[in-house]
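Thanks for coming. I will put the sequence and the model up first, and then go through a few places in the fold.

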Amino acid sequence: MKRRLLFGERMLLGDGTEPFNAVIPFRLRGTFALKDIQQALAQIQQKHPWLKALIAHDEKNIPWFDVPENPISIPVRIVARKSEDHWQEESRREWNTLFDPKKLPLIRFVWLKGENVSDMLFAFHHCLCDGGSAMAFLYEFLKILDNPAADIGIENPILGIQDVVPAHILNNRKQKLKARFIGRLAATAIKYIPTGKKSIDRKDDYLLHWKVDETVSQQLISYCKSNGVTVNTFLSAALLQAFKEVKQDGAFNKVSCPVDIRRFASQIKNDHIFAFGLMIVVSANEKLSFLENVRSMQTSIERKTTKLDPYITMMVMESGHDALNRFTKLLKNGKSSNDCMFSNLGRIQIPHEYKEFSVDTIFSPSVIGPLGNTTTLVVSTYRGKIDFSFVGSEGYLPYIDAIAIRDEFMQIIKLQLEYIAIS
């Protein structure tokens, strides 16, 4: 089984010399045997063909996902668990460890082995899948680890754009011409956008991680419900304000927010291994109060979201493969124009109690790559607690500024919740 990488996947893969890796860490309470972990990994590979795939290049040097006749198991690295925060050190190591996609799958597993508590990490190349897909195979892994006889089904994998874009759109002459026209226009514009001769030196990467307890998490959710806004919008507003307070005139007043394509393209199932995403950019109006701003942003986000068209977007991108190198260079060498990427995975729907073990927590994923500003905040909620992973690089956002932004961000949230409690 094989398929050619889509434009977005090729962009994330790059030339293979720079990692673009995501890590999902989680903590289990119980005792485990290596053979059981390997069995669970083998079964999720059995379900998802692309978890077995290598990367092969054709005569035009275009990369393909290629599942070998004799698949290679997901590599497992075992480390003695040293501390509660050891997983952060291993996450940073995994960000910067290249995959060898010609020889090994684009996913690996790390077991930080303790006596009764183990921290485990899935690390995967971002061209393989997104956070939604990863949460699906994490759910399946835990299910099989608890009960090797459990049925997790078999994925009917996406084999190309034709499995995502409905035929009546993909083969529509008007839509094809529209996509081609927009694609050519974008490719031409990219040629004339000035870029630096070399990419910005990222310097050291870092990870800031924190949680808020169930009480504060519930207060935040209740605040948002009572004001008719989403948690995502509220946190985006707080993040923009925090950047403004710390960076002052150096802030861009722009946060990029990924939007799950599954909301718009029903062909992509929750358990599909797939990396393509949509994006909107949100900004604040500094003339408004915080709450007025959140409500205004909510209206803007809803308007922008309704305009998203995953099918035309994919068709446009697929028409632009010849502009890939130029586009990648623009992302790498161009000046940063946004403060941060902000991704909220929402509530993680994975059980806490299993027969053989319990899931103490699932930490928010982290991801870092070479395509421009690395500053990223990923948020998720598990067992009623909101969890934050803030990733950055000294060359884009100094660590001392990241600490200040985190503290300001949490202070803004605290003040808003106190304000509503009083009023």
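Which residue is the bridge partner of S256 in β11? M341 is the bridge partner of S256 there. Before going on, a word on the source: this is a predicted model, where local features need pLDDT of at least 70, side-chain atom pairs count only at pLDDT 80 or more, and totals for chains, interfaces and linings use all residues. Residues are numbered from 1 along each chain as its sequence is written, and side-chain values use heavy atoms, with hydrogens and water left out.

Back to the strands, which, like helices, are DSSP runs numbered from the N terminus: H or I over at least four residues for helices, E over at least two for strands. Strand β9, residues 255–259, and strand β11, residues 340–347, run parallel and are joined by two bridges. Two strands count as paired if DSSP finds at least two bridges between them.

The open sheet has six strands, ordered β8-β15-β14-β11-β9-β10, with mixed pairing. At its edges are β8 (205–212) and β10 (278–282), each pairing on one side only. On average, neighbouring strands of this sheet are turned by 20 degrees against each other, direction ignored. Helix α7, residues 214–226, packs on the sheet and touches β8 and β15 (385–393); its direction makes about 90 degrees with that of β15. For these angles, axes are lines fitted to C-alpha atoms, for helices over the stretch in contact, and angles run from 0 to 180 degrees between N-to-C directions. Contact means heavy atoms within 4.5 Å.

Next, I368, in strand β13, residues 366–368. I368 has a relative accessible area of 2%, so it is buried. The cut-offs are under 20% for buried, over 50% for exposed and partly exposed in between, with a 1.4 Å probe and protein chains only. Leaving out residues up to four places away in sequence, I368 touches ten residues' worth of surroundings that include P19, F20, W95, R202 and V391. The C-alpha atoms of I368 and L208 are separated by 13 Å, with the two positions 160 residues apart along the chain.

Now the N-terminal part. Strand β4, residues 63–66, has alternating side chains: P63 and F65 point to one face and are buried, whereas W64 and D66 point to the other and are not. On one side, β4 runs antiparallel to strand β1, residues 2–4, through three bridges, and R4 has W64 as its bridge partner. Strand β3, residues 54–57, is also antiparallel to β4, with four bridges, and H57 stands opposite P63. The β3 and β4 hairpin has five residues between the strands, and N61 takes a positive phi near 65 degrees there.

P63 also leads to R10, in helix α1, residues 7–13. Beyond its neighbours within four places in sequence, R10 is in contact with L5, I62, P63, H321 and L324. What is the nearest side chain of opposite charge to R10? That is E318, 7.7 Å away, and R10 is buried yet has no salt bridge. Here Lys and Arg count as positive, Asp and Glu as negative, and His and the chain ends are not counted. A salt bridge is a side-chain nitrogen of Lys or Arg within 4 Å of a carboxyl oxygen of Asp or Glu. The R10 side chain does make a polar contact with the side chain of H321, at 2.9 Å. A polar contact is a pair of N or O atoms within 3.5 Å; within protein, one must be able to donate a hydrogen and the other to accept it, and residues adjacent in sequence count only if both atoms are side-chain atoms.Salt bridges are the last topic; the structure holds 21 of them. R77 and E94 form one, at 2.8 Å from N to O. R77 lies in strand β5 (residues 76–80) and E94 in helix α3 (residues 86–95), so the pair ties together parts 17 residues apart in sequence. E94 is buried, at 2% relative accessibility. E94 also forms a salt bridge with R108, the closest N and O atoms being 2.4 Å apart. R108 is buried as well, with a relative accessible area of 12%.
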